[in-house]
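Please open the model in a viewer and keep the sequence panel at hand. The tour below proceeds by selections, each followed by a description of what is found there.

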Amino acid sequence: MNKTAFYGIILGVLIPVTAYFIMRFLPPANVLPARLFYDDVKTTVKNGKETTDTVWSKVPDFTLTNQLGQKVSWNHLKGKIIVADFFFTRCPVICPKMTHNMKLLQESIKNNNKAGSREPDYVQFLSFTVDPEHDSVPELKKFADRFQINPQNWWLLTGDKKQIYDLALNGMKLGINETEVDTAFIHPQKFVLIDRDRVVRSRRDSFGNLRIYNGLDTNDVKNLAEDVVLLSLEKDKNKKFFLAGELPLIAVVLVIAALGAVLLTVILKRKQGL
């Protein structure tokens, strides 16, 4: 075997094997925001192998009314990523600041369409009032007009107080007191990221801890904008690629194909030399 054929075989083996190990062991370029709350961890044994499956906590369903007077629920939000917060229209300082930051967030996330609307169809912003007795649809509309809120993908929601407080306390694990709301009322100052499965997500801080985004922190708002886009790229786990889990097989096939190509080249050269 001449040197050219030998080096060809070596390269034919090394290239696919190297590609396999790069794909197999390098960490992903972008780390998706992690799931935050879970209800249970189930352990099962199959073929003598023990596996665990986490049952993630889902934000409960609701039926509320937006600033346009439309009744809405999770049925209107299927397939969408959600960014949620809690506010009330009489709030003098914190809510205007949070609304300003949410508006910046809404305006910073665009799709890549070169023509037509650039409003992303994969994300919806929800602001739940903690003062539904006062915040009627006209009040929400007035507040929305004040901040020039685009209702296409940002709803201000009012309705049953128990539903709203249950969403905050049990669905998103936010602290909120069920007391009379006045201008000094303290409410959650967080922006909550919810994935398409209604599971709360978050990124890790510099200490590796998961925490919900602070709606008053511009750096957190920037991180949230990045995480919404990252989450939009997450593959649907119910739609697996037909070669998912077959990376070793692909590597073997590539090696065989490369060897076959090299051997065919050697045979053809020999025939040409006869």
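**First selection: helix α3**

In this predicted model, select lysine 141 and aspartate 145: both belong to helix α3 and stand four residues apart, about one turn of the helix. As general background, an α-helix has 3.6 residues a turn, so residues three or four places apart point the same way. Display the two side chains, and a salt bridge appears between lysine 141 and aspartate 145, at 2.9 Å from N to O. Lysine 141 is partly exposed, with a relative accessibility of 32%, and aspartate 145 is likewise partly exposed, at 46%.

**The two sides of α3**

Remain on α3 and select Leu140, Phe143 and Ala144, which are buried. Viewed along the helix axis, the buried residues of α3 fall within an arc of 100°, and they therefore line one face of the helix. Next, show the elements that cover these buried residues; among them are β4 (63-65), β6, α2 and β8 (154-157). Then turn to the other side of α3, where Pro138, Lys142 and Arg146 are exposed. Beyond the helix, select glutamine 148, which follows α3 and has a positive phi, near 50°.

**A bridge between two loops**

Which residue forms a salt bridge with aspartate 131? Select arginine 90: the closest N and O atoms of this pair are 2.7 Å apart. Aspartate 131 lies in the loop between β7 (123-129) and α3 (137-146), while arginine 90 lies in the loop between β6 (81-87) and α2 (94-108), so the salt bridge ties together parts that are 41 residues apart in sequence. Colour the pair by accessibility: aspartate 131 is buried, with a relative accessibility of 4%, whereas arginine 90 is partly exposed, at 35%.

**A buried pair**

Move now to aspartate 195 and arginine 201, whose side chains form a salt bridge with an N to O distance of 2.9 Å. Are these partners buried or exposed? Aspartate 195 is buried, at 2% relative accessibility, and arginine 201 is also buried, at 2%.

**A network of four residues**

Finally, select Arg203, Lys222, Glu226 and Asp227 together; salt bridges link these residues in a network. In general terms, side chains of opposite charge can pair when their charged atoms come close. To complete the survey, display every salt bridge in the model: the count comes to 11, taking a cut-off of 4 Å between the side-chain nitrogen and the carboxyl oxygen.

Definitions and conventions:
Residues are numbered from 1 along each chain as its sequence is written. This is a predicted model: local features need pLDDT of at least 70, side-chain atom pairs count only at pLDDT 80 or more; totals for chains, interfaces and linings use all residues. Side-chain values use heavy atoms; hydrogens and water are left out. Buried means under 20% relative accessible area, exposed over 50%, partly exposed in between (1.4 Å probe, protein chains only). The arc is that of the directions from the helix axis to the C-beta atoms. Contact means heavy atoms within 4.5 Å.
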